[in-house]
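Visitor: I would like a close look at the salt bridges here. Please go through them pair by pair, and then say what surrounds them in the rest of the fold.

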Amino acid sequence: MLRVSLREISAALKEGRVSPTELCQRCLSFIKATKFLNAYITVAEETALKQAEESEERYRRGQILGDLDGIPVAVKDNFSTAGIETTCASNMLKGYIPPYNATVVKKLLDQGAVLLGKTNLDEFAMGSGSTDGIFGPVRNPWSYSRQYREKSVHNSHTENEDSNWLVTGGSSGGSAAAVSSFTCFAALGSDTGGSTRNPAAHCGVVGLKPTYGLISRHGLIPLVNSMDVPGILTRCVDDAAIVLGVLAGHDPKDSTTVQDPFKPFELTNFIDASKLCIGIPKEYHAPGLSSETLALWSKAADLFENAGAKVIEVSLPHTRYSIICYHVLCTAEVASNMARFDGLEYGHRSSMDKSTEVMYAATRREGFNDVVRGRILSGNYFLLKQNYETYFIKAQKVRRLIANDFVNVFRSGIDVLLTPTTLSDTIPYVEFIKEDNRTRSVQDDIFTQAANMAGLPAITVPTALSEKGLPIGLQFIGRAFQEQQLLTVAKWFEKQVKFPMIQLQGLMDYSHTVCQHQKSAFFS
């Protein structure tokens, strides 16, 4: 079974109930069985099997490297991977093979993790649906779940599968789909304004955005340097804590990482809820919030209150400016970061070479999609000399006010904030593309981007199924560098809600046929 947690499969490996090679082969067969989800851009089959064999040898000798030794993982395709193509789902980087690993990738490999491949995303991580990359959109595994199919069976438009499949959310939709469909036990995403938490909520998995500066960004192809954070996607909170313990800590190659050493922690099974103070931000009652999500949010608050916790309504007064502020700062930094893709040193280069200027312009027109070009143009507009003070500087000041709102709330005695992650459950692709990328991003990042601007840790936990049989997640936001407290609260909540596992029986049966040659007591 691949439906166990990372911790459980790690124990099975240590006890010899399954071998790293068997586990790797099983995951690779699941990737083939779920190829139509388009979760992966590159599957590094040979590399993965070699890494699994090396792990198996270490187990044989009793020299395992840690809890991740032999564990299959996936990485979003905007992290550099030595010898494996890294595209950012863009024509600009198609065919680019980095000469080095991102620090987070290196840390995973140093712990013996098996890298299965690179996952799909919105081009250069600009989007909230994982629909805008050059390799096509990612399909949400819940589109094919028994829970959703049974609820939508009477709906006439569901007969056409080509139009009825659901989006994963973005931009780390490939990583979320990979974890949700059991093809790997953990995946890396990136989180700039909610890009890990948004797809995690829509795919029914856990999505953790750590405190800015806790995990190295070295080798993460930047979108917004001042907000980007590597994110962690797993099937339970405990697994997120294990991966965080491997990835966190100072990196001399990234000056934004904190100097303080990080001590990995194990989450307790017990928590005294009566000592907790949970904040409910009143400004998060946003327009467009579905009645189901609102009811679930209210139920979650009652859950804490009934357990003895203090639940207090709090105010984050500058929240209403946050999405506009985020848009200005995001596009300004995008304009700066995308300037490096000029067709000279690496990546796509246009054949139109009448002059350097013509080559530059043609390269960027051919290499970037409309979304990326649009953000570059917006950012450059905000950075023009005559606009700089009016837009960019003012947005930086508002960002400080937003960050101070959180400081004031936490100083008042609040331990953790409880909020929605998304406005509603996910929607069909045909509905999603009726609105443009920017409009969608504004709607879908409304509850998540403020944590990035304040640099705070946040986690989304799958909470319940909607009336349509689709996942709805809730978000917890914690104090800076207090991941242990945040994850402890999230784990307690996870245990109370008992979110149901996705039922993909048809895929399971197909995958069993694909790999029936494998013999293992663990998989029987």
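Guide: In this predicted model, the salt bridges number 18. One of them pairs K14 with D67, whose closest N and O atoms are 2.6 Å apart. K14 sits in helix α1, which covers residues 6-14, while D67 belongs to the loop between α3 (45-61) and β2 (72-76), so this salt bridge ties together parts that are 53 residues apart in sequence. Neither end is shut away from the surface: K14 is partly exposed because its relative accessibility is 42%, and D67, at 35%, is partly exposed as well.

Another salt bridge joins R17 to E15, with 2.8 Å between the closest N and O atoms. R17 has a relative accessibility of 39% and is therefore partly exposed. E15 reaches 54%, and since the cut-off for exposed is over 50%, E15 counts as exposed.

The salt bridge of D77 with K118 has its closest N and O atoms 3.0 Å apart. This pair also links distant parts of the chain, with D77 in the loop between β2 and α4 (103-110) and K118 in strand β3 (residues 114-119), 41 residues apart. Are these two residues buried or exposed? D77 has a relative accessible area of 0% and is buried; K118, also at 0%, is buried too. Buried requires a value under 20%, so both residues meet that cut-off.

Salt bridges can also share partners, and in this way E56, E57, R60 and R61 are joined into one network.

Next, the nonpolar side of the fold. The largest nonpolar core contains 149 residues, and L116, F124, F304, F406, L418 and F476 are those with the most contacts inside it. Leaving aside residues up to four places away in sequence, F406 touches Y284, L316, L417, A450, A454, L456 and I477.

Charged and nonpolar residues come together where two helices pack. Helix α9 (residues 237-247) and helix α18 (residues 483-497) have axes 9 Å apart and cross at an angle of about 160 degrees. Angles over 145 degrees count as roughly antiparallel, which means that α9 is roughly antiparallel to α18. On the α9 side the contact is made by V237, D238, A241 and L244, and on the α18 side by E483, L487, A490, K491 and E494. Sorted by class, this contact between α9 and α18 comprises five nonpolar and four charged residues, with no polar ones.

Notes
Residues are numbered from 1 along each chain as its sequence is written. This is a predicted model: local features need pLDDT of at least 70, side-chain atom pairs count only at pLDDT 80 or more; totals for chains, interfaces and linings use all residues. Side-chain values use heavy atoms; hydrogens and water are left out. A salt bridge is a side-chain nitrogen of Lys or Arg within 4 Å of a carboxyl oxygen of Asp or Glu. Helices (H or I, at least four residues) and strands (E, at least two) are DSSP runs, numbered from the N terminus. Buried means under 20% relative accessible area, exposed over 50%, partly exposed in between (1.4 Å probe, protein chains only). A nonpolar core is a set of buried Ala, Val, Leu, Ile, Met, Phe, Trp, Tyr and Cys residues joined through side-chain atoms within 4.5 Å. Contact means heavy atoms within 4.5 Å. Axes are lines fitted to C-alpha atoms, for helices over the stretch in contact, and angles run from 0 to 180 degrees between N-to-C directions. Angles under 35 degrees count as roughly parallel, over 145 as roughly antiparallel, 65 to 115 as roughly perpendicular and the rest as oblique. Ala, Val, Leu, Ile, Met, Phe, Trp, Tyr, Cys and Pro count as nonpolar, Asp, Glu, Lys and Arg as charged, and the others, Gly among them, as polar.
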